[in-house]
Amino acid sequence: MDVESRDEMSGLERSNHTAFIDDNILYVWGGYQVVAGNDVVLPSDEIWLCNLDSGAWERREITGDLPSQLSGFCGSYVNNTLYIFAGCDPIGYTNDLFSVDLTEPCYTWKRVTDARGTTPSPRNKHSCWVHRDRLIYFGGYGCKTIGEVRNTSSSSFVVEETSWTVIGNTLFRCWGWNNEVSVFDTHTATWSVPETQGPAPAPRGCHASALLGNKGFISGGLETEELDLFCLDLETWTWTQFDLPPSCVPLGRSMHTLTPTSDHTLFLFGGLGTDGNPLSKSRPQSDAWQFDTLKGEWTERTHPHSDKPRLWHTACQGKDNDVVVFGGSRNFSILVDSVAVLRSPWQHHCKDVLIFQTQPYSLSRLCEDFIGKHAELIGEQLNWLPPRLRKRVDKRFAFFSANKPMLTA
């Protein structure tokens with residue numbers, strides 16, 4: 001395994017990517033950077049791996065039927081396989097589904113072409129829950145044909161724009177936000193649309209989602225003024241909304257993350273405020289919150305990263321229920337005037353790995369981290385440790401001694 005140099009890791013800076021953790025390895029794929037004021041989509045023929053014990057990064061190649069320069073896609077990881085669905089490519093919106101088996105010696109992209117059922121319409125800015133080996137997609141912004149719009153409830157698809165475009169052999173006419181729920185069964189390669197009940201969230205995109213047990217949660221997003229919170233029971237397909245006083249709810253936002261930290265708590269971090277600016281500690285409310293689903297309460301969390309606002313980042317549940325945040329933008333903003341809504345031309349994309357501790361650490365981890373930070377105080381006594389423990393301590397020493405600005409705990 002080759003460890004990449006700092007120069008070779010310049011491609012790590014990114015936003016709007018996908019990430020997941022398996023066996024304390026952080027996998028990162030896709031996204032974009034801004035170079036000379038222009039968006040540059042990052043290569044789809046590579047995936048980055050970070051060992052969260054040692055902090056070492058590795059780049060691996062992916063061959064096969066590569067996705068085309070995608071942005072706004074949705075990535076999901078199930079049964080050692082990464083799935084990428086929809087997004088925007090150089091031609092326009094797409095509803096293609098790709099997969100790559102990460103247990104193979106050589107990673108190879110495959111386009112899913114034999115799926116049964118009706119594939120959801122092209123879209124981006126959507127989200128996904130992974131439940132019982134199913135990919136359950138929600139929301140997003142995209143296009144539909146006139147016929148599709150006529151057969152869709154007005155509460156499920158809000159038309160924002162009408163214009164002609166051709167994708168493949170299909171002529172699309174209407175563009176807008178949706179709140180549709182679509183299911184892909186990875187075992188049978190079958191698409192289906194469950195019939196949901198209850199008060200569904202309004203159509204949206206750029207929201208945050210998370211899974212706790214058999215329930216999928218949706219929070220915030222574009223087209224929403226306040227930070228609402230909905231829950232979908234993935235067995236009964238019933239929506240419920242948490243009815244909370246506005247004074248007890250964090251500021252409204254989009255491009256944020258929601259991460260499970262126990263069987264009943266969710267961790268909210270970052271995002272773009274409704275005023276078009278990133279949320280940070282300097283604002284009236286902190287950008288880090290915990291929601292207790294049993295009590296129905298938000299609690300503001302203090303953390304060591306209040307000087308690092310983030311949006312379009314990823315946040316994964318790590319070891320000891322840590323929240324592992326990677327990448328994102330720290331100064332993306334939206335400029336609004338009476339004529340137009342414009343994105344600011346300056347953006348700084350990050351390659352930081354931020355670790356948020358959400359519960360007390362075990363004595364074993366506290367000792368390993370202490371030795372890793374102060375190995376010089378112990379010296380030759382490290383050789384007295386059993387081989388397996390010594391290996392773990394060596395990784396923690398490498399993590400802390402590297403002093404890389406991209407890794408902060």
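## Loops with an unusual phi

Strands here are DSSP runs of E at least two residues long, and helices are runs of H or I of at least four, both numbered from the N terminus. Keep in mind that this is a predicted model. With that naming, Ala189 sits in the loop between β15 (170-185) and β16 (190-192). Its phi is near 50 degrees, a positive value in a residue that isn't glycine. Buried means under 20% relative accessible area, so Ala189, at 16%, makes the cut.

Lys125 does something similar with its backbone: phi is positive, about 60 degrees, although Lys125 is not a glycine. You'll find Lys125 in the loop between β11 (123-124) and β12. At 25% relative accessibility, Lys125 counts as partly exposed. For a sense of distance, the C-alpha atoms of Lys125 and Ile355 are separated by 25 Å, with the two positions 230 residues apart along the chain.

## Nonpolar cores

Which residues have the most contacts inside the largest nonpolar core? They are Tyr27, Trp29, Ile47, Leu82, Ile84 and Trp109, out of 16 residues in that core. Five strands each supply at least two of its residues: β2 (25-29), β5 (46-51), β8 (81-88), β9 (93-101) and β10 (107-111). The most comes from β2, which gives three residues.

Apart from this core lies another one, made of 15 residues. Ala19, Trp48, Cys50 and Val353 are among them.

## Aromatic pairs and charges over rings

The structure has 25 aromatic pairs. Take Phe217 and Phe242: their rings are stacked, 6.2 Å centre to centre, with 25 degrees between the planes. Phe217 belongs to strand β18 (residues 215-219) and Phe242 to the loop between β20 (238-241) and β21 (253-254), so this pair ties together parts that are 25 residues apart in sequence. Phe217 is also buried, at a relative accessible area of 3%. Elsewhere, ring pairs join Tyr83, Phe85, Tyr137, Phe184 and Trp191 into a cluster.

Charged side chains turn up over rings too. Lys144 lies over the face of Phe157, at 5.4 Å from the ring centre. Arg365 does likewise with Tyr361, at 3.8 Å from the ring centre.

## One face of α2

That same Arg365 is one of the buried residues of helix α2 (residues 363-373). The others are Glu368, Asp369, Ile371 and Gly372. Looking down the axis of α2, the buried residues fall within an arc of 165 degrees, so they line one face of the helix.

## Pocket and cavity

The largest pocket holds about 1000 Å³ of space. Of its 36 lining residues, Ala19, Gly75, Cys128, Ser209 and Ala315 are the closest to the centre. Which strands each supply at least two residues of the lining? They are β1 (18-22), β7 (74-78), β12 (127-131), β17 (208-212), β22 (257-260) and β27 (314-317). Two names here have come up before: Ala19 is also among the residues of the 15-residue core, and β12 follows the loop that holds Lys125.

As for enclosed space, a search of the whole structure turns up one cavity of 30 Å³ or more. The largest cavity has a volume of about 40 Å³. Its lining is made up of Trp29, Gly30, Gly31, Val41, Leu42, Ser44, Pro67, Gln69 and Leu70. Trp29 is a familiar face, being one of the residues with the most contacts inside the largest nonpolar core.

Terms used
Residues numbered from 1 in each chain as written. Predicted model: local features only at pLDDT ≥ 70, side-chain atom pairs only at ≥ 80, totals over all residues. Heavy atoms only, no water. Core = buried A, V, L, I, M, F, W, Y, C linked by side-chain atoms within 4.5 Å. Buried < 20%, exposed > 50% of the residue type's maximum accessible area, 1.4 Å probe, protein only. Arc of directions from axis to C-beta. Phe/Tyr/Trp six-rings, centres within 6.5 Å; stacked < 30°, edge-to-face > 60°. Lys NZ or Arg CZ within 6 Å of the ring centre and 35° of its normal. 1 Å grid on protein atoms, 1.4 Å probe; cavity = no way out; pocket = protein on both sides within 12 Å on 5 of 7 lines; lining within 4 Å. Points joined across faces, edges and corners; volume = space filled by probe spheres on them.
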